[in-house]
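The following paragraphs go through a structure, beginning with one chain as a whole and ending with single residues of its backbone.

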Amino acid sequence: MPSIAANLVKSVALSNEPLNSRGAITIHGDNENELPMDLLLVLDISGSMSGEGERVLLDSVVHTLDHLLRPTDRIAVITFNNSASLHSNWTDSNGTIPGFSTGGGTNFGSAINEVLTFLGSHGRDDSRAGIVLFLSDGHSSMPNEENVRTITEFGFTMHTIGVTSGANPTFLQNMADLARGFYFDAPGFNDVKKAFGSIFNYGKTVVYSAPDLDVEISDGVVLSELIQTPQGVNIHEGDLKPGHHTLSLTHMVKDSRGELAFKISADNVTDGDNLLATFQCLGAKAELRVRGTLDETELLEAPQNIDVTLITKTGDVTTLLKKGDEHTATKIITQIKTLENSHPGASSVTKTLTEVKDAKSDGERLETLGRLTTTKDGKTKIRED
Amino acid sequence: MKCFDCNSSLSKIDLLNSSCQTCGEILLPDDVDKLRQFLGVSASKPPEIENPVIESTPEVIPDSVDCPNCNTPLMGDDLANWESGSCIYCGEPNNAIGSTTTQSDDIEPTPSHPDNRGSIAEDSEIRISPDGELDFCSMIINVGPMVGQSIKIPMGKPIGRNELAKLLNDPWYQGHLNRVSSEHFMVVIMPDTVILENYTNDKIGVMDLGSTNGTYILGERITGTSATELRYGYDLNIGGNIQMTLELAAGANPIVAGFFITHDQSGVRWGVEGNTQHLGRLDSNGEMERWAAMADLQLRAMAKDESIIAYISRRHMEVILDDGRIKVNTFEGKEEPEINQNTGAKDVDPYFITLGKNSFLVEF
């Protein structure tokens, strides 16, 4: 059975006072079998992709068909310029994909709409790992955020590839974030094939397809800054207020555990047991509780949950690195280092976060963030492709 | 002192919650220590643990002997008269003058020659006699140099210091068996155990046979004529100095422990019934977990540093056997355990759980 746990940094709090704290959710799945993959390519065929870009696109698609697709995997292609259309429906490695003809402008919005139409026509299938690979070398207005987020409701996550300096990394990064995916920087057309390989290798390890997290928040409690770690995927913008919420997580990959960091505030902690929230994922349920006490000695002696601390600090660092705030991220990594002597998991966290921070370019940093994973025993590492 | 994140001034309520109550930012342990110092709050102390008593020198109980004729307990001058000739009360002559007749119940010397070991220790398998009675129960001795080793306790027979001396083949035990009575306890099959021909669902029970220094299960002295059930992970303490736990309930169809755990520093080993073992110092009732009590006794008995157990939190973590693999849930441990397995193969290799100064070996 999958299991889920929700903990605060301290499981006791001062009674008759409001509480501001941090917490974390950890999810352990029990499926060790990789899911077959549905790879939906969304390719920019605007005028700027003509020539070498057109050739690289075709090469990448052919390479995917010939060398990457497993017998059970499927691939489909949507192309877009000023408008978008289905270029090739689901096919396996034995199928063929027609060539591309380039021209026109770049419209991300129409591409996303076509993705939703296509996915909507097939429905959600949790037995397959759905991955959208969105590639563009141009600028466009930002598509409707809610539409991008809706992709996850079909069990798909979307990764974006920005090709050449003509791409808009800010929008593409934002789109990847909203769809629980990662942004890949491809400075030259030759980098596209590498990005394809990286995304495909990731997709091959998926064991749970964008699972839902159901959250029930008690009265007087607010959750915010829900970040899936270690990749730093923002799961919800703004506050989660009392009531029921369904959130889509990013895929869970083999031999990993799901982690979410959050901030929590409660109007008042009563003496004794307080149920703050319940979480359900993959059929498992966890309650987030805090025990109110007036005994200050007990509070002082209550241990801090270091696992929660590391998850939340990792979320802080990765969020800052995505924003480009390397300075504050470095300060937090230095903070976490103080835990290394007493907490073996801290070493793997500081090591991997330092590697991300020291990446040679923003693109490489974002790609490395996407490859971060936490093993089942809580060690953070960079996934090998 | 300011919050790392929002720069607001930190106060005692922030210290109590280990987080800034303005922005929710976590205060790391180093920050907590600094804030304690800044606010003048005394430093934390490691939790104290209630140590069980082990006495290297047993309590001296006056020698006595019952007169074989009038059954009067003879002590002091009465005993001296008996030893010199006869009972002062009935005149019964002492026919055994010159032999060792004045040993008290709890200081009888232990046989010291290994050659004296009988067939008890030589039996390596649990057997079922033709009439279906079970002969031996496999136990783990959890004190002294033989800690963690298996011994076979005869079932349905009085066990005392002589029997234990044959099983505990190390000189260390000679000095520690003197609190064990000559007929101290008996291991039995519980009355409600189902026995169908040669197959049993064994429930092992222990009866105290009126011993001087008592028989304890889960730290509670057992009394009366009925048996008290002994389950996996329960500590059976004989007279205060000898502790053991169940390794395998006897029988052709025994109840088998889900897995075994050894606390590496003490060597204490125990079986886990079901699939979960709490590895914190205290149970849900705030009582010391029995594995911790056994480890503490053993560490002190062997003059090792027993304070290492205090590095495990009261409710630190639990080990779960899940489909042939070990998982660990950490609750409030200050240290996160590190788990290693040689090959990662299911049901084959032991797991090592390392937790600062403590480590555990989990075997199937």
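In chain B, 52% of the contacts between residues at least 6 apart in sequence join residues that are at least 24 apart. The model is a predicted one. Chain B contains six helices and 21 strands. Of its 364 residues, 40% are buried.

Chain A has a cis peptide bond, which runs from A:T229 to A:P230 with omega near 0°. As for its place in the chain, A:P230 is in the loop that links β12 (221-229) and β13 (233-236) of chain A.

Further along chain A, the backbone at A:L282 has a positive phi of about 55°, although this residue is not a glycine. A:L282 belongs to the loop between β17 (272-281) and β18 (284-293) of chain A. Is this loop residue buried or exposed? A:L282 counts as buried because it has 21 C-beta neighbours inside 10 Å, and the cut-off for a buried residue is 20 or more.

Chain B offers another case of positive phi. At B:N7, also not a glycine, phi is about 65°. B:N7 is located in the segment before α1 (12-17) of chain B. What is the surrounding of B:N7 in terms of other C-beta atoms within 10 Å? There are 10 of them, so B:N7 is exposed, given that a residue is exposed at 12 or fewer.

The two positive-phi residues can be set side by side: A:L282, in a loop between two strands, is buried, whereas B:N7, in the segment before a helix, is exposed.

Terms used
Residues numbered from 1 in each chain as written. Chains lettered and ligands numbered in written order. Predicted model: local features only at pLDDT ≥ 70, side-chain atom pairs only at ≥ 80, totals over all residues. Helix = DSSP H or I, 4+ residues; strand = E, 2+ residues; numbered from the N terminus. Contact = placed C-beta atoms within 7 Å.
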